[in-house]
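The following exercises ask the reader to work from a chain and its coordinates to a description of fold, packing and exposure. Please attempt each task before reading its solution.

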Amino acid sequence: MDDIDLGMDVGTLLDRPVWFHPLMDPAWILPSERAGAKRLCFAAEVDPTGDTALSLGLPLYLAEAIRMTTDAVTSSFTRGFVVGQDESVAGEDWLALTRVADGPGGRTLAVKVRDGAGEIVAELERPGLDNAALAAALAELPRLLAQELRGAGVSGGWAPIYVPPTSALALSSVLAQHLCLSLRRPGTHPTPDAPADEQLSRRSAVKGALTALGDLATRSSQLFPALLFFGGVVATRAAKNDVYQEVRSSVAAVTMRASNPADPLNRISVLMFRSFDEHGTADSREKAALASGDEALKRWLLKVRALRWAK
């Protein structure tokens, strides 16, 4: 389940990472959900004077990280919330409100987790951050929050394929979450009936988003920045926006660095090769992946093979 539309006043709830649905629900990447695990929903408290992209990217970033480093089942909202009004939204067991606020002494980064009764079970705040300190705090935040949650009864865990971003890439990683989300929205992409200048503006914005995602994926050697990039590319093609072709070389650079069939990047690249109609390479990598005997992976590969793009 994904993209649960709760109405204009509430927004959209993602119960998987932002790249998951565009990449055709690769359940084999995510850890298995434990029965009785805590359910934790992340939402942004938006500062009207602050950086909206950073504020809205932070819940997506933390939901992904906490899912991969604890046994909590996480979700996230795609719009900002007003503090004091939205704490009970969605009926989740726990709600984590994130905050990025600008002030005269620098930025403040904060997370406050409340249980179903409204009691605070975990809280972190880092005030007075300049750009370098903000990047370092973003890199450390998933680990610190997971530690706080373990103290509140959430079991620890670690998916070996997940590696948190370094300080050098942390800010870009949070912003990339928001970029991937924006590329999933139909209104981001040009439509045939729109004025020519609007189409040009939207194409330029989409190309900028894809270029930024591709830059992060090529600068990082880890899987999850590549998933954000690939999710954005596939979402753009699904929107019938041919701008995705302009980042083909970046996609190729990322996909070709994974030569081991057991590497998740090698496996997810099957979808990317099919997205660019490179079916020979896709068939070869699919055959190698199928040899693992993983049933969830097999089901995903069969779904990818059956994909037919709308014209």
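The exercises below move from the whole chain to helix pairs and then to single residues.

The model is predicted, so that local features need pLDDT of at least 70 and side-chain atom pairs count only at pLDDT 80 or more, while totals for chains, interfaces and linings use all residues. Residues are numbered from 1 along each chain as its sequence is written, and side-chain values use heavy atoms, with hydrogens and water left out.

**Exercise 1. The whole chain**

Determine how the radius of gyration of the protein chain stands against that of a compact globule with 311 residues.

Solution. Step one is the inventory: the protein chain has nine helices and seven strands, where helices (H or I, at least four residues) and strands (E, at least two) are DSSP runs numbered from the N terminus. Step two is extent: along the principal axes, the C-alpha atoms fill a box of roughly 55 × 50 × 40 Å. Step three is the comparison: a compact globule with 311 residues would have a radius of gyration near 19 Å, and the protein chain agrees because it has 19 Å. The radius is taken over C-alpha atoms, and the globule rule is 2.2 Å times the number of residues to the power 0.38. Step four is burial: 49% of the 311 residues count as buried, that is, under 20% relative accessible area, with exposed over 50% and partly exposed in between (1.4 Å probe, protein chains only). Finally, among contacts (heavy atoms within 4.5 Å) with a separation of 6 or more, 65% join residues 24 or more positions apart.

**Exercise 2. Helices α5 and α7**

Establish at what angle α5 and α7 pack and which residues meet.

Solution. Helix α5 (residues 223–238) packs against α7 at about 15 degrees, with the axes 11 Å apart. Axes are lines fitted to C-alpha atoms, for helices over the stretch in contact, and angles run from 0 to 180 degrees between N-to-C directions. The pair is therefore roughly parallel, since angles under 35 degrees count as roughly parallel, over 145 as roughly antiparallel, 65 to 115 as roughly perpendicular and the rest as oblique. In α5, residues including Phe230, Val233 and Arg237 meet residues of α7 that include Ile268, Leu271 and Arg274. By class, this contact has 11 nonpolar, one polar and two charged residues. Here Ala, Val, Leu, Ile, Met, Phe, Trp, Tyr, Cys and Pro count as nonpolar, Asp, Glu, Lys and Arg as charged, and the others, Gly among them, as polar.

**Exercise 3. Arg274 and the helices α8 and α9**

Is Arg274 buried or exposed, and how do α8 and α9 cross?

Solution. Arg274 lies in α7 (residues 264–275) and is buried because its relative accessible area is 6%. Among the residues that Arg274 touches are Arg237, Glu286 and Arg305. Helices α8 (residues 279–290) and α9 (residues 295–305) have axes that come within 10 Å and cross at roughly 160 degrees, so α8 is roughly antiparallel to α9. Glu286, Ala289 and Leu290 in α8 meet Leu297, Lys298, Leu301 and Arg305 in α9. This contact has four nonpolar, no polar and three charged residues.

**Exercise 4. Two loop residues**

Locate Gly105 and Pro186.

Solution. Gly105 is in the loop between β5 (94–103) and β6 (106–114), and counts as exposed because its relative accessibility is 59%. Discounting residues up to four places away in sequence, Gly105 touches Gly128 and Leu129. Pro186 is in the loop between α3 (167–184) and α4 (196–219) and is exposed, with a relative accessible area of 68%.
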